[in-house]
Amino acid sequence: MIAETGHFALILALGIAIIQMVLPLYGSRRDDPQLMAVAVPAAQAQFLLVALAFVALMTAYVTSDFSILNVYENSSSAKPLLYKISGVWGNHEGSMVLWVLILALFGAGVATYGRNLPRSLQANVLSVQGAIGVAFLLFIITTSNPFVRLDPAPFEGQGFNPVLQDPALAIHPPFLYAGYVGFSMAFSFAIAALIDGRIDAAWARWVRPWTLAAWMCLTIGIALGSWWAYYELGWGGFWFWDPVENASFMPWLSGTALLHSALVMEKRDALKIWTILLAIITFSLSLVGTFLVRSGVLTSVHAFAVDPARGVFILGIMAVFIGGALALFAWRAPLLRQGGIFAPISREGALVFNNLILVTACAAVFVGTLYPLALESVSNEKISVGPPFFNYTFVPLVLPLLLAVPLGPFLAWKRGDLYAVAQRLMVAAVIALAAIVIVFAIQGRGPWLAPLGIGLGVWLIAGAASELAYRAKLFQASAAETWRRFIHLPRSSFGTALAHAGVGLSVIGIVATTAWRTEDITAMKPGETTEIAGYRLVFDGVSERAGPNYDEQLASFHVFRGDSEITELHPTKRQFTIEGSATTEAAIYNAWGGDLYAVLGDPLENGAYSVRVYFNPLVRLIWIGAVVMFLGGGLSLFDRRLRVGAPKRAAAAQGRLADAK
Amino acid sequence: MTRKQRRSVLIGGCMAVLAVAVGLVLFALSDSIVFFYSPSEVMAKELAPGQRFRLGGLVEDGSVERNRGTTVKFVITDKAKDLPVTYTGVLPDLFREGQGVVAEGMLGPDGVFQADKVLAKHDENYMPPEVAAKLKEQGLWEGPEQVSRETEPSKVN
Amino acid sequence: MLWIIFLCLTAAVLLALLRPLFGGGGEEPGRDAANAQVYRDQLKEIDSDRDRGLIGEAEAKAARLEIERRLLATMDADQNVAAARSGSPVWMAVAVAVALPLIVLGFYLTYGSPQLPDQPLLVRLQQPVDEQNVAELIARVEAGLKRKPNDGQGWAVIAPVYISVRRFDQGLEAYRKAIRLLGPRPDLLAGYGEALVFANDGAVDPQAREILERAVADDPTLVKPRILLAYSDEQAGNYQRAVARWRELKSLVKNDERWAPLVERRIASAEAKLDGSSPPKGPVRQSAGGPNAGDVEAAQNMSPDARKQMIETMVGRLAQRLEQNGDDLDGWLKLVRSYAVLDRKDDARTALAKAKAQFSDQPAALQRLNSLASELGISS
């Protein structure tokens, strides 16, 4: 009964989404307030029903109701509760329901909190959201239905892919989807503006927080995925430029650009058309990501062709939404009023530069991700575009952006003064140079570029700190005055500084671990010792152990630094009986300055095991940086002030310059 | 600056960045993409030692030698031609004799493929897609439904 | 109950959706009013920023100027906010109220399974076993075996269950696995041999015979394989050996009520055959009344005409018996097959139709009849 109620609720949600798509739009065309008003209860009801369906599915997972095919295929009664729950979205069907749930949640948010929006804007936005809902609900119900039943029901499920049975991966998809789907708000607002042919004052005020929230979720989602890959896949790498990773990275790049251009639009009423286009592109990339991951096209273009129902459906959704949106853009964008003007050297100019680089870098990733697919479908030639491609393209493209990041917040709106900015950043520059020199001096080996990379990260952090210091008039006013100014700084300033510093932290982590990682692969017998990065590992041997739903071989290492024992490491290999597959669990010790990372390999002859040990210097900064970015976004999000960019008149700018001197 | 000048600066900047980007992408595509070959294709193309490529096929039965520390020797075959491979490191969980595998690396002067990466995904029935496609072309493999846990490697013939 | 929930959900949703259609006009701000409000808020914000010293006086002034300009622009724009047109779209409401349930019902009836209850595992495992149908039991064991394919005991348990539901191929496979994993235990061999016989429509072929013999040799107390072997001797016309086997059995099953009467009857029947006299009449229910292997062997020694006549007589006898007591599926199957072999297609069809009428309420029986019909290439 619960299962069938959930199924019915999902279908009812589809019916409502159809009404939500049609009536409000028709109402706004006819300027009929009653029809437009239908959008609000429709969006709310749609959310409640999808939530009901989701809860029903989750109940089935928790109670191991194997009369549901989806539960049978992706769960087992022996699985721990956490993974029974996360199993709901650990498979294709369930994850699509989660996708739609988040979509409906955002729609309900606009319906509930958007009462001060102009009526026709709200109606159009919800109508577009309804259309996206229709597309994906239809997709779920007709091609990926999670409520298909089994009769008679088996008594045991087929289990859940063991590598996915992991806490980080349990919460990775919800964040990722909140990110993907959050960009649908920007998309819906963009389409609504195009339909109306005008952009209301409230437009950017609404779009930016939604985009920010989505961006935050995507940041954390990507970081969790990378963290998971780092410790679960046993390769010690944090980013593989894998198409699945790129699928989430592309919307992140263009979403970051959108975030900044929406800032310009909100504060300065400029870059309107570009922002709208960017909103469309960002959500389109989210759809592309969904398509890449969900259609099976990545496994092989041929696999996609063999069972094309799902792939073709998502391809259709993409064609309709992306094609339709771009066509609408081409048709209606000329109607939009152009915004304010600004000089190339100005805050706006800096943000345009940011956008330009991010979008270009995103395009490079796009080419690298889709080129093999395109080539295979055209010429049947198989290639792989691996990390070298992205190192040659993406890295050089973003370097100038990273160099320029600290400059942006110092530049005044409308017209800025690069010379004055340079002066204010002098301290940060000195710190960064010092960092380069010190690192260069102490690095025993490693590429000469590495100190420069570390310097870049330091430059980002010091630059972010300089901005706060400057705004609080540190060393220019009394300590009390500085403190008063500091705590009264708008939260968004802290947000910006934190987010930029987070980028710096990640850069340092990436550079350090790429340049100075050490790796040792040896055959070890019990009692033997290996050394890495000043640590000594003594291998005690391997013992067998039974877990809740697996058997494992547990290796023991005693780790010494100097003469004192620091810790024990227990890398394992697990065999999951129900799923019939094995995983490698790395053991990681978070030592000073980096991670000691041990992986147990295959048994060799005469009782030896092959053992792989890494030392990954500063690798955790990568994810700490992402968390800091997330926090920065959160601070900015909860800054409830309206954002007005106060432009400087030429005279004012001169005056400020005099002050600084 | 007039509005027109500003706009031309803006457009000029965009063009410059885009030109750089296109240049980088073209350079990287010509230089860093890795082709995928089966042993037969490697023989037919007479690839020069030192050129990176991915080699895919089945791990020949009984060919895996692990006796020299962590260096593993095995033979990748597409049932028409064989190619010996050496690899130093920990093999993936699902590396098995008779199963599909993709190795990335280059040919050494002695004609042995020196792999620095060996891929096999975390799925019992997984056949790396390139391998599956190549084997299908040669009629050696039918599809995922036929690779079950009990399929004996010899049945692949 | 389920449909009441569906009805309530749909009704609640329709109520919520249609309310705005009958509600009053909008009290919400018009478009320009909303925009103007945003600008006014922004002006307030600038003032408070200036008061807190976050922006200078000159900047505040410049910002105010720009926002006031925008504010003015909204004022200039179309002043008359269109009065809320209440076209009272009753037809729209009706359309929604009709279309929504129809669409939803259409989809649900296509994809839903309203007849199936929830089956949470805990509840199912608490149900007593005998309340569950065999298919569920099989599913339960199968699931366990999927997890532990090397559990020989599991295969040994499920094998006879497969046979009992006539899934012979799986039953044979299960016996083979059990024997491989547990070794050739006599009980398993006995079961395997029995399964081979059943799978072969009751005929004991040499392979089955060999396996049964081996089972009996390993464990002389086994009853079923001995019975089968004795039958097979009778089938082969070797009454002497059959009688010997039945006598051995008699001492084995002396106190077993299930088997003793059967063995007594078979001894009598086989001895009668051995003596050449007809078997004693009585409530003897042959497992598959009709021409048995012994008759066929006898027939082979006759001239073709005589043989044909004899067969026809026997078939006639069978038909007669079935006319009187039709509740014997195997008999009907045999009759249909015999007619077909004798090339009397019309009679075969008639018999098939009669059998189908007889077993019209038993799907399993009908299925067997139909599969026989398609095997023989006749249709009723």
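The exercises below work through helix packing, backbone angles and burial in a predicted model.

In this predicted model, local features need pLDDT of at least 70 and side-chain atom pairs count only at pLDDT 80 or more, while totals for chains, interfaces and linings use all residues. Residues are numbered from 1 along each chain as its sequence is written, chains are lettered from A and ligands numbered from 1 in the order in which they are written, and side-chain values use heavy atoms, with hydrogens and water left out.

**Exercise 1. Describe the make-up of chain B and of chain C.**

Step 1. Helices (H or I, at least four residues) and strands (E, at least two) are DSSP runs, numbered from the N terminus. Chain B has three helices and seven strands, and from the N terminus on they follow the order α-β-α-β-β-β-β-β-β-α. Chain C, by contrast, holds 18 helices and zero strands.

Step 2. Buried means under 20% relative accessible area, exposed over 50%, and partly exposed in between, with a 1.4 Å probe and protein chains only. On that scale, 46% of the 157 residues in chain B are buried, and 38% of the 380 residues in chain C are buried.

Step 3. Contact means heavy atoms within 4.5 Å. Among contacts between residues at least 6 apart in sequence, those that join residues at least 24 apart make up 55% in chain B and 52% in chain C.

Step 4. For chain C, UniProt places a "transmembrane region" at residues 90-111, in an unreviewed entry, and such annotations may be inferred rather than shown by experiment. Over residues 90-111 of chain C the model is 100% helix and 0% strand, with the end C-alpha atoms 32 Å apart.

**Exercise 2. Describe how helix 9 of chain C packs against helix 8 and helix 10 of chain C.**

Step 1. Two packed helices are described by the angle between their axes and the distance between the axes. The axes are lines fitted to C-alpha atoms, for helices over the stretch in contact, and the angles run from 0 to 180 degrees between N-to-C directions.

Step 2. Helix 8 (residues 168-182) of chain C and helix 9 (residues 186-199) of chain C pack at about 160°, their axes being 10 Å apart. The two helices are therefore roughly antiparallel, given that angles under 35 degrees count as roughly parallel, over 145 as roughly antiparallel, 65 to 115 as roughly perpendicular and the rest as oblique. Their crossing is left-handed, a term used if the near helix is turned anticlockwise from the far one by less than a right angle, with right-handed used if clockwise.

Step 3. Residues in this contact include Phe168(C) and Leu172(C) of helix 8 of chain C, and Leu188(C) and Tyr192(C) of helix 9 of chain C. By class, the contact of helix 8 with helix 9 of chain C has 13 nonpolar, one polar and one charged residues; Ala, Val, Leu, Ile, Met, Phe, Trp, Tyr, Cys and Pro count as nonpolar, Asp, Glu, Lys and Arg as charged, and the others, Gly among them, as polar.

Step 4. Helix 9 of chain C also packs with helix 10 (residues 206-218) of chain C, at an angle of about 155° and with axes 8 Å apart, which makes helix 9 and helix 10 of chain C roughly antiparallel. The crossing of helix 9 and helix 10 of chain C is left-handed. Among the residues that meet are Pro186(C) and Val197(C) of helix 9 of chain C, and Ile211(C) and Asp218(C) of helix 10 of chain C; the contact divides into ten nonpolar, two polar and three charged residues.

**Exercise 3. Locate two residues of chain A with positive phi and state their exposure.**

Step 1. Most residues other than glycine have a negative phi. Asp31(A) has a phi near 55°, a positive value in a residue other than glycine, and Leu618(A) likewise has a phi near 55°.

Step 2. Asp31(A) sits in the loop between helix 1 (2-30) and helix 2 (33-37) of chain A, and is partly exposed at a relative accessible area of 33%. Leu618(A) sits in the loop between strand 11 (609-617) and helix 21 (620-637) of chain A, and is partly exposed at 31%.

**Exercise 4. Place Thr219(A) in its surroundings.**

Step 1. Thr219(A) belongs to helix 9 (residues 201-232) of chain A, where Thr219(A) is buried, with a relative accessible area of 5%.

Step 2. Not counting residues up to four places away in sequence, Thr219(A) touches Trp252(A), Ala626(A) and Met629(A).
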